[in-house]
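Me: Hello! I have this model open on my screen and would like a close look at one part of it, followed by a walk through its surroundings. Please take your time and keep it connected.

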Amino acid sequence: SVWSQPIGEAILGPLTGERLELLPSALSTWADWKQSHPDTLALDVESGQDGFDLEVMAIVVELGPDSVAYPIPELRKTLVANHEVNGVPVAVVLEPGSDNWTVFSRRLDGEEVIELELTGGELREIGGTRSFDATRGLALGSGGNGQNLDPLPGFTSFPADYTTFFPQGSFWTTEGVLTVEDLLS
């Protein structure tokens, strides 16, 4: 079958209409990844391409029927977007000075919802004492009581592609949320 990368759906072949399950993911440099996961192995294939310009992209969080695009230039202003997608409190985290990003649930132990900010390379609870590793969501110090942030699925997309594949979606900005429909009208 032929699969559409932006929507994870088979568009041609015997599995047409089937969707892949999105798994938690993050974008990281190889050096940062190896530091956090020293036993990782990877296949290295010469592609002739050195990467892509994340500055013209957005991080997309799709949960159930809802999706929200978080444009990188907007995220650079706050580094953390405390937001909600389909009733799930999320934190979209962009590490300063890098292209590393991660998406976490802001709900701890299935109940308590916290607000987060990025300070000194750590995610800190706003108005609280807990802090977390910004890459892995692991609780730091004794204030976290072993409560880790759960990673959530996310992926990068060009905004124009997002509007094509997610016409019912929306864009998060520091000024508020705009629907794709509003942007296109």
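Where does Glu21 lie with respect to the strands?

Reply: Happy to walk you through it. Please keep in mind that this is a predicted model. Glu21 lies in a loop, the one that runs between β2 (9-12) and β3 (26-27). Glu21 has a relative accessible area of 67%, and anything over 50% counts as exposed, so Glu21 is an exposed residue. To place Glu21 against a residue far along the chain, try Phe165: the two are 144 residues apart in sequence, and their C-alpha atoms are separated by 17 Å.

From there, let us move to the aromatic side chains. The model has four aromatic pairs. One of them joins Phe155 and Phe166, whose ring centres are 6.2 Å apart with 40 degrees between the planes, a tilted arrangement. This pair links distant parts of the chain: Phe155 sits in strand β15, while Phe166 belongs to the loop between α3 (159-165) and β16 (170-173), eleven residues away. Both Phe155 and Phe166 are buried. Phe166 also pairs with Tyr162; here the centres are 5.1 Å apart and the planes meet at 20 degrees, so this pair counts as stacked. Tyr162 is buried, as is Phe166. If you select Phe155, Tyr162, Phe166 and Phe171 together, you will see a cluster linked by ring pairs.

Phe155 is a handy residue to keep selected, for it also helps to line the largest pocket. That pocket holds about 290 Å³ of space. Its lining has 16 residues, and the ones nearest the pocket centre are Gln5, Pro6, Ile7, Phe155 and Thr156. Strand β15 (residues 155-157) gives the largest share of the lining, with three residues. By type, the lining is made up of eight nonpolar, four polar and four charged residues.

Strand β15 leads on to a sheet. It belongs to an open sheet of five strands, in the order β15-β4-β5-β16-β17, where the pairing is mixed. The edges of this sheet are β15 and β17 (176-179), and each of these pairs on one side only. From one strand to the next, the twist averages 35 degrees. Within the sheet, β4 (residues 58-63) and β5 (residues 66-71) run antiparallel and are joined by six bridges. A good place to look is Val61, which stands opposite Val68 in β5.

Another sheet is open too, with four strands in the order β11-β12-β13-β14 and antiparallel pairing. At its edges stand β11 (116-119) and β14 (139-140); each has a single partner strand, so one side of each has no neighbour in the sheet. Strand β13 (residues 131-133) is joined to β14 by two bridges, and the strands run antiparallel. Phe132 has Ala139 in β14 as its bridge partner.

Last come two hairpins that share strand β7. Strands β6 (residues 80-85) and β7 (residues 88-94) run antiparallel, with six bridges between them. Two residues separate the strands of this hairpin, and in the turn Asn86 has a positive phi of about 55 degrees. Val85 has Val88 as its bridge partner in β7, and Glu84 stands opposite Pro89. On the other side of the sequence, β7 pairs with β8 (residues 101-105) in the antiparallel sense over five bridges. There, Val93 is bridged to Thr102 in β8. This hairpin has six residues between its strands, and Gly97 takes a positive phi near 70 degrees. Six of the seven residues of β7 are buried, so the strand is largely enclosed by the rest of the structure.

To come back to your starting point, Glu21 is exposed, in contrast to Phe155 and Phe166, which are buried.

Terms used. Residues are numbered from 1 along each chain as its sequence is written. This is a predicted model: local features need pLDDT of at least 70, side-chain atom pairs count only at pLDDT 80 or more; totals for chains, interfaces and linings use all residues. Side-chain values use heavy atoms; hydrogens and water are left out. On a 1 Å grid over the protein atoms alone, a cavity is a set of points where a 1.4 Å probe fits but cannot get out, and a pocket is an open set with protein on both sides within 12 Å along at least five of seven lines; lining residues have an atom within 4 Å of a point. Grid points are joined across faces, edges and corners, and a volume is the space filled by probe spheres set on the points. Ala, Val, Leu, Ile, Met, Phe, Trp, Tyr, Cys and Pro count as nonpolar, Asp, Glu, Lys and Arg as charged, and the others, Gly among them, as polar. Rings of Phe, Tyr and Trp (its six-membered ring) pair if their centres lie within 6.5 Å; planes under 30 degrees apart count as stacked, over 60 as edge-to-face and the rest as tilted. Buried means under 20% relative accessible area, exposed over 50%, partly exposed in between (1.4 Å probe, protein chains only). Two strands pair if DSSP finds at least two bridges between them. Axes are lines fitted to C-alpha atoms, for helices over the stretch in contact, and angles run from 0 to 180 degrees between N-to-C directions.
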